[in-house]
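Visitor: I am new to this structure and should be grateful for a close look at a single part of it. Please take one helix and describe its surroundings.

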Amino acid sequence: MLGASTSSPSICKSTVSSLLQSQQIPIIDLDILARQAVAKDSYALSALSSHFGPSILLPDGTLDRAKLGSIVFNDEKQRKKLNSIVHPAIRRLLAWELIKKWMGGEPVCVVDAPLLIEGGLWKFCGAIVVVYCSEQLQLQRLRTRNSLTLADAQSRINSQALLSSKLPYADHVIDNSGPQSELNIQVQQVVAKLRRRAGWSWKLSWWIPPVGIVRGLLVVASRLWYKGVGKDKKANARKKAAL
C-alpha cells in the first residue's frame, strides 16, 4: 500500500520519517528526488537556467538553491513556473522508486512529500499522513532553526499551503507539538493502521500485477469520489469566493 506523509516547513518531518524507518517502513523522500531532478547537466536544470537565467547556477554548474529561492519565494508566478519544470521530473523519479519498492515485495511504502497536496500527488495515495503543529509553533521553530527574521520565516511558510488546509486530506494526523515520547506513540499507532490496511491482499497484487493495478485504481476512485477526500477544503474555498 502506498502511503504519503506531508507537512510544512519546520514541523520536524525528518524525525517522523526516522521513526517510520525504525518500524521497518521504507521511505521515499521527495526532497532527495527533487535534488536529483535538478542535478548538474539534467534536463530540468537546463530548463531552469533558460527561464531564470544563468545567475541561478554556481561556478561548478550546479544549482544555486539560495539564489533560486530568493527569486520564487515571494513571486507566485515564478514559483508556478519552477514547479511546472521540476514536478514532472520528480514524478518520473518517484514512479521508478515505487516500482523498485513494489518489485522488492514491500507491503507498505511511505512517500515523504512536503508538497504532496500542492502538487496533486495525494490523489494517487492509499493513505495520507499529515504531520501537524500549530502555525505559531511552526513559525517559532523555523525562526530558531534557520535564524530567520519574522518576515522571512513567514514568507517561507506562505510559499506552501497552510498546514490547516492540509487536514481535510488526512487519513491520519500526527501532532508534533508535544514531547518525543508522545510522537513515538503516535507513529507506532499509524504504522499499525497502515499495516492492517495492507493486510494479506497485497501479496495477491504482488504476485499478479494486473490485480495490483486494478486495486490501486479502485482505491484512488474510492478516495476521490466515494470518500470525497479534500472536498471540505474545496467547498470552503468556494464559500469564501462567493462572499
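Guide: Helices are DSSP runs of H or I with at least four residues, numbered from the N terminus. The model is a predicted one, in which local features need pLDDT of at least 70 and side-chain atom pairs count only at pLDDT 80 or more, while totals for chains, interfaces and linings use all residues. Residues are numbered from 1 along each chain as its sequence is written, and side-chain values use heavy atoms, with hydrogens and water left out.

The part chosen is helix H3, residues 43–52, where Ala44, Leu45, Leu48, Ser49 and Phe52 are buried (under 20% relative accessible area; exposed is over 50% and partly exposed in between, with a 1.4 Å probe and protein chains only). These buried residues lie on the same side of H3, because they cover an arc of only 135 degrees around the axis, taken from the directions from the helix axis to the C-beta atoms. Their cover includes helix H2 (30–37), helix H4 (65–72) and helix H5 (76–103). Tyr43 and Ser50, on the other side of H3, are exposed.

His51 also belongs to helix H3. His51 counts as partly exposed because its relative accessibility is 38%. Leaving aside neighbours within four places in sequence, His51 is in contact (heavy atoms within 4.5 Å) with Gln78 and Lys81. The side chains of His51 and Gln78 are joined by a polar contact of 3.0 Å, that is, a pair of N or O atoms within 3.5 Å, of which, within protein, one must be able to donate a hydrogen and the other to accept it; residues adjacent in sequence count only if both atoms are side-chain atoms. Lys81 is 30 residues from His51 along the chain, and their C-alpha atoms are separated by 8.7 Å.

After H3 comes Gly53, with a positive phi near 100 degrees.

Note on methods:
Helices (H or I, at least four residues) and strands (E, at least two) are DSSP runs, numbered from the N terminus.
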